[in-house]
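This briefing collects computed local features of one protein model with a bound ligand. Please read it alongside the sequence and the coordinates.

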Amino acid sequence: MNPVNLLDFDLDALTAWCGELGEKRFRAVQLFRWIHQKGESDFARMSDLAKSLRGKLAGAAMVQPLQVISEQASSDGTIKWLFDVGGGNAVESVFIPEDDRGTLCVSSQAGCAVGCRFCSTGHQGFSRNLSTGEILAQLWFAEHHLRTRLALPAGERAITNVVMMGMGEPLQNYSALVPALRVMLDDHGYGLSRRRVTVSTSGVVPMIERLQADCPVAMAVSLHAPTDGLRDQLVPLNRKYPLAELLSACRAYLSAAPRDFITFEYCMLDGVNDSPAQAQQLIDLVSGRGGQPRVPCKFNLIPFNPFPASGLKRSPRDRVMAFAKVLQDAGIVTTVRKTRGDDIDAACGQLAGEVQDRTNAQNRLTRPVIRIEAS
Ligand code: SF4
């Protein structure tokens, strides 16, 4: 029998598994803390575990790390790791240090089936979902590697925030995502507050509703367009879950969310979605004109990172700032994302990895689209 990967378990699942070995919950808690808080993978070194339990674990279980294929460190401190997930697939994680926090951007899938037009990962197609253990192995590695590398004092965390914004649509890998989130939040695990863990979605409406019930954390929504006509072209999932449904799910989510706003991500595409008139359409959309209630929100404007197959260009800086001003003048908190790790292709939408294209996404998306007209 193959050993069980203990990174696949949240604390309840580990407790149940230990129960099958005849062990009590406090033993599962000890084991969980060794793995996630101390970064230990060798059961023999888990000194306060009963010898009998260590004996049972040997051969029956393992802590399965991901193999690091490469690491790139940017001059601004950003670090990008490429991890091997087998079968010719790789995923990326990015550490973004700031004065008061360390954020890890985590991948949830090898590739992505959503196929957003401006996204390098989307152009790679979809290979497979990551397991809970593969999602957590990115955090496990980064946290414990960085503690040593940055020579952090005992008890200080390297990762204070996690954003599920790497490769993949996390809500299309829901059953693996939720246990991973629980480990991030667990005081015996990484102990992150719900406000410091963000799930970013392109708008999988039914799963937004489920996350609200199962494990509400901060939410970011990739909006990118003020109308269904344009969003259908930029974020194909919009054809299934159009804006009215998405915004309604966002409003409902806020009743359980740890923050009282949704962050809308908006990738600024030259001549496509960046006019002052479109900023005004966005205001109308979120402020409830047209009969729908308002959606409390912030906007994060993202400079596009061009890649040849997209046929799209980055909006000029003055146009981005003018767009931001229209939103700000309407009282909507709006930030323009700093580009980090530009020199190592770690910026948003550039996490491509080495994903096998099993959905022919290259052919579907590599059309000579230079300009997409707003409807
Ligand atoms: S932006 Fe997100 S949802 Fe869209 S293709 Fe890229 S990874 Fe997938």
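The points below cover the ligand shell, one helix, the aromatic pairs, two single residues and backbone angles. The model is predicted. The shell around the ligand has no charged residues, a search of the whole structure finds seven aromatic pairs, and helix α10 carries its buried residues on the same side.

**Ligand shell**

- The residues that surround the ligand are C112, V114, G115, C116, C119, G122, G168 and S202.
- Sorted by class, this shell holds four nonpolar and four polar residues, and none that is charged.

**Helix α10**

- Helix α10 spans residues 276-286, and its buried residues are Q278, A279, L282, I283 and V286.
- These five lie on the same side of α10 because they cover an arc of only 155° around the axis.
- In general, an α-helix has 3.6 residues a turn, so residues three or four places apart point the same way.
- The partners against which the buried residues of α10 pack are two helices, α8 (228-234) and α11 (317-329), and two strands, β12 (262-268) and β13 (297-303).
- G288 follows α10 and has a positive phi, near 85°.

**Aromatic pairs**

- The whole structure contains seven aromatic pairs, according to the search.
- One of them is F9 with W17: the ring centres are 6.2 Å apart and the planes stand at 40°, so this pair is tilted.
- Both F9 and W17 are buried.
- Another pair is Y266 with F299, which counts as edge-to-face because the planes are at 70°, with the ring centres 6.5 Å apart.
- This second pair links distant parts of the chain, since Y266 sits in strand β12 and F299 in strand β13, 33 residues apart.
- Y266 and F299 are both buried.
- A single aromatic cluster is formed by F264, Y266, F299 and F323.

**E23**

- E23 is located in the loop that runs between α1 (11-20) and α2 (25-36).
- The relative accessibility of E23 is 13%, so E23 counts as buried, the cut-off being under 20%.
- Side chain to side chain, E23 makes a polar contact with K56 at 2.7 Å.
- With residues up to four places away in sequence not counted, E23 touches C18, L53 and K56.

**M219**

- M219 belongs to strand β11 and is buried, its relative accessible area being 3%.
- The C-alpha atoms of M219 and I208 are 9.0 Å apart in space, and the two residues are eleven apart in sequence.
- Neighbours within four places in sequence aside, the contacts of M219 are T198, V199, T201, I208, L211, Y253, I262 and T263.

**Positive phi outside glycine**

- As background, most residues other than glycine have a negative phi.
- A151 has a positive phi, near 50°, and is found in the loop between α5 (132-149) and β9 (161-164).
- A151 counts as exposed because its relative accessibility is 62%, where the cut-off is over 50%.
- H224 also has a positive phi, near 70°, and is found in the loop between β11 (218-222) and α8.
- H224 is buried, with 3% relative accessible area.

Notes. Residues numbered from 1 in each chain as written. Predicted model: local features only at pLDDT ≥ 70, side-chain atom pairs only at ≥ 80, totals over all residues. Heavy atoms only, no water. Buried < 20%, exposed > 50% of the residue type's maximum accessible area, 1.4 Å probe, protein only. Helix = DSSP H or I, 4+ residues; strand = E, 2+ residues; numbered from the N terminus. Arc of directions from axis to C-beta. Contact = heavy atoms within 4.5 Å. Polar contact = N/O pair within 3.5 Å; in protein donor to acceptor, adjacent residues only side chain to side chain. Near = heavy atom within 4 Å. Nonpolar A, V, L, I, M, F, W, Y, C, P; charged D, E, K, R; others polar. Phe/Tyr/Trp six-rings, centres within 6.5 Å; stacked < 30°, edge-to-face > 60°.
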